[in-house]
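Look at the sequence and the fold before reading on. Keep the view open as you go.

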Amino acid sequence: MTTPEAASGGRFPLKGATPADRQSRIRGVRLGALVLNGLGAFALLAAMGFFAPKWLTYLITMSAANALVSLGIVCLMRGGVVPFGQGMVFAIGGYAAALLYNKLGFTDAVGLVLAGGVAATLVALPFAPLLARYRGIFFAMLTLALSMVTYGLGMKLEVLGGSDGFNVGRATLFGWRPPDAHVGYVLYLLTVAVATAMAMLARVYFDSTRGLVTLATRDNELRVEYLGGSVRQAMTINFLIAASCGGVGGALVVLSLGHIEPQFSYWTTSGEFVFVAILAGWQSVAAVFVASTVLEVVRSFSSRYFPDTWQLALGLFLLFVIRFLPRGLGSLWIRKGGK
Amino acid sequence: MQGAVTILIDGLTYASWLFIVALGLTLVFGVLKILNIAHGSFYALGAYAAASFVAWGASLRWAPAFSLVAMLLAAVAVAALVAPLTERALLRFFYGRDEVLLVLVTYAMFLILEDVTKLIWGTNPHYVSEPYGLFGSVDVGQQTYVGYDFSLLALALTVGVAVWWGLNRTRHGKIVLAVIHSAEVASSMGVNVSRVYMLAFTAGIFLAALGGAFTAPMISVSPGISVGVIIVSFAVVIIGGLGSIEGAAIGALIVGLARSLAVHLAPVAELFSIYIVMAIVLMFRPEGLFQRIQARKI
């Protein structure tokens, strides 16, 4: 992290102010810059999407929606644990949106996305305090087990459409039904807006007291406890936040893709989300979205130009990243910040 | 009663090949501290190699009994060719890194091997029917079982005893145990740790390939077999405790029986019975059944 003075661009003479004053100024500056960055990014993407070809807006929609799931993983990764079953919340968000649409006839896109996030959080709620006790490989494997149970349920339950899943029709936006020509762009705007908002919230959370406790946990858990922080509470809340991110991501993907199936919860899907999180590293929020886009691009291009060996390409790419960019893409532009 | 016997025998058959594969996984974890996702890919390689070797043996008009030797040779070939190569050219560079990151390295290996297998053997299923009839059939009560299934149980027992004896009763085994305990101290005592790593990895991969080769006659060898095996053998070693031979045996038995109970009594639960058992075990024994609890670093 940069020093407060540097963050304010040296415009505010911080020396000599009272500590509380300093704190509020720093927060104000950071928050202002953050909101400006977020709005700027949204405006840029919205304008770009208007002129971009359809395949590109679709690719970015998918990347941004998937990135939200990985953002949840990063949130946990900052505390030193990596979930290998984030496909579970992704699928639950997707299924919640799809069921609301098909069974209850609720078609509002914003409502469906919110419902996806809420449903995933509610399902994660009973597991969060349990999982907060586990670390390392055991945390990874337990979350993986949960996602595979979800996969099994998806395959077997009639109400969830069995192994084929089901299709989801076109969503409306505040009662307005977008015409054929613009539906892709509307969903793109929605996804980009939600993603930007969540990215900004994530940054605020990461810099909050609990966010910093999480970061300290990564370094030394016992020390955090001796200092009076509750590691377990931080882990529980991080897990719930990750679940809500995953649920929102799942709902957004289902709206654009128009389809959901149990494969959403399969461990290879979860593996791809972890892949993006590792590629991004835990330092930068923007890196998660960049990494997700990189994965989508690599996937689309390699499945188009060498369809039989795209997994091989992906594997080599992953090895390359782990070998030469161990702290992820984010470390390219955030130099300092922990070891 | 008949139902219970059927469940028991099905469970034991499933547990026996699973034990062989999981033993390899737990051995690699114990020595190298790597939870190897690509383990399932080596299982698949073993199965494919067995299909090729048995077909090759048949074309040379070997006696059917030699198909067992062909399967064994297939496992040896996979272990001798692929394992040292992946360990030396790839894994070596990542030792000592965060264990979850290592999982991801092996995930990349899994992705690569998956496509390599398809490139070599194509996407059509292969069948290895020859060895399946070698042991005739066995009647238990009113049910008839294929003798091959029981031979698998014998193989699992042999492998388990051999690995235990090799580790605990031989000089090389003691060296491996020393490396497991502390690679640094072992190294300062003059042990060539990187050689031990390579050999242990090769032995683990051999067990995966052996499991694959000897289950090949019971399944259709097609793309996708690796994926299922990985997750199930993970469950086994997690239940038993990572790095423990007894744990792998008990874990395999628990998973085998849970699965066959689910298949016979509640088919809906077949897909996730294993994970529920794993979750229950972890809830009460977070480190697995046979793992000592480790102190946290201050």
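This report starts with confidence, then takes up the fold of chain B, its helices, its contact with chain A and the core.

**Confidence**

This is a predicted model. It scores ipTM 0.84 and pTM 0.84. In chain B the mean pLDDT is 87. Of the residues of chain B, 97% reach 70 or more. Confidence varies along chain B: strand E1 (residues 137–140) of chain B has the lowest mean, 78. Helix H8 (residues 193–215) of chain B has the highest, 93.

**The fold of chain B**

Chain B holds eleven helices and two strands. Their order along the sequence is α-α-α-α-β-β-α-α-α-α-α-α-α. The radius of gyration of chain B is 19 Å, and the globule rule also gives 19 Å for 298 residues, so chain B is as compact as a globular protein of that length. Along the principal axes, its C-alpha atoms fill a box of roughly 60 × 50 × 35 Å. Of the 298 residues of chain B, 49% count as buried. Now take the contacts in chain B between residues at least 6 apart in sequence. Among these, 76% join residues at least 24 apart.

**Two helices of chain B**

Two helices can be checked against the expected rise of 1.5 Å a residue.

| Helix | Residues | Expected span | End-to-end C-alpha distance |
|---|---|---|---|
| H4(B) | 23 residues | 33 Å | 32 Å |
| H5(B) | 23 residues | 33 Å | 32 Å |

For H5(B), the distance agrees with the expected span. H4(B) also comes close to its expected value. Just after H4(B), Gly122(B) takes a positive phi of about 75°.

Which residues of H5(B) are buried? They are Tyr148(B), Asp149(B), Leu152(B), Ala156(B), Val159(B), Val163(B) and Leu167(B). The buried residues of H5(B) pack against several elements of chain B, including helix H1 (2–32), strand E2 (143–146) and helix H6 (171–181). H8 and helix H10 (245–265) of chain B are also among their partners.

**Where chain B meets chain A**

The contact takes 33 residues from chain B and 34 residues from chain A. On the side of chain B, the elements that give two or more residues are helix H4 (99–121), helix H9 (225–240) and helix H11 (273–284). H4(B) gives the most, with 16 residues. What kinds of residues make up the side of chain B that touches chain A? There are 28 nonpolar, no polar and five charged residues.

**The core**

The largest nonpolar core has 213 residues. Its largest share, 16 residues, comes from H1(B). The residues with the most contacts inside this core are Val288(A), Leu18(B), Ala50(B), Ala209(B), Ala213(B) and Val255(B).

Follow Val255(B) on the model. Leave aside its neighbours within four places in sequence. Val255(B) is then in contact with Ala15(B), Leu18(B), Val232(B), Ala235(B), Val236(B), Ile239(B), Ile274(B) and Val277(B).

**One arginine of chain A**

Where does Arg327(A) lie? Arg327(A) is in the loop between helix H14 (310–324) and helix H15 (330–333) of chain A. Arg327(A) has 16 other C-beta atoms within 10 Å, so it is partly exposed. Arg327(A) and Arg304(A) are 23 residues apart in sequence. In space, they are 30 Å apart, C-alpha to C-alpha.

Methods. Residues are numbered from 1 along each chain as its sequence is written. Chains are lettered from A and ligands numbered from 1 in the order in which they are written. This is a predicted model: local features need pLDDT of at least 70, side-chain atom pairs count only at pLDDT 80 or more; totals for chains, interfaces and linings use all residues. pLDDT is the predictor's confidence in each residue, from 0 to 100. Helices (H or I, at least four residues) and strands (E, at least two) are DSSP runs, numbered from the N terminus. Two residues are in contact if their C-beta atoms, placed from the backbone, lie within 7 Å. Ala, Val, Leu, Ile, Met, Phe, Trp, Tyr, Cys and Pro count as nonpolar, Asp, Glu, Lys and Arg as charged, and the others, Gly among them, as polar. The expected span of a helix is 1.5 Å times one less than its number of residues. A residue is buried if 20 or more other C-beta atoms lie within 10 Å of its own, exposed if 12 or fewer, and partly exposed in between; C-beta atoms are placed from the backbone. A nonpolar core is a set of buried Ala, Val, Leu, Ile, Met, Phe, Trp, Tyr and Cys residues joined through C-beta atoms within 7 Å. The radius of gyration is taken over C-alpha atoms; the globule rule is 2.2 Å times the number of residues to the power 0.38.
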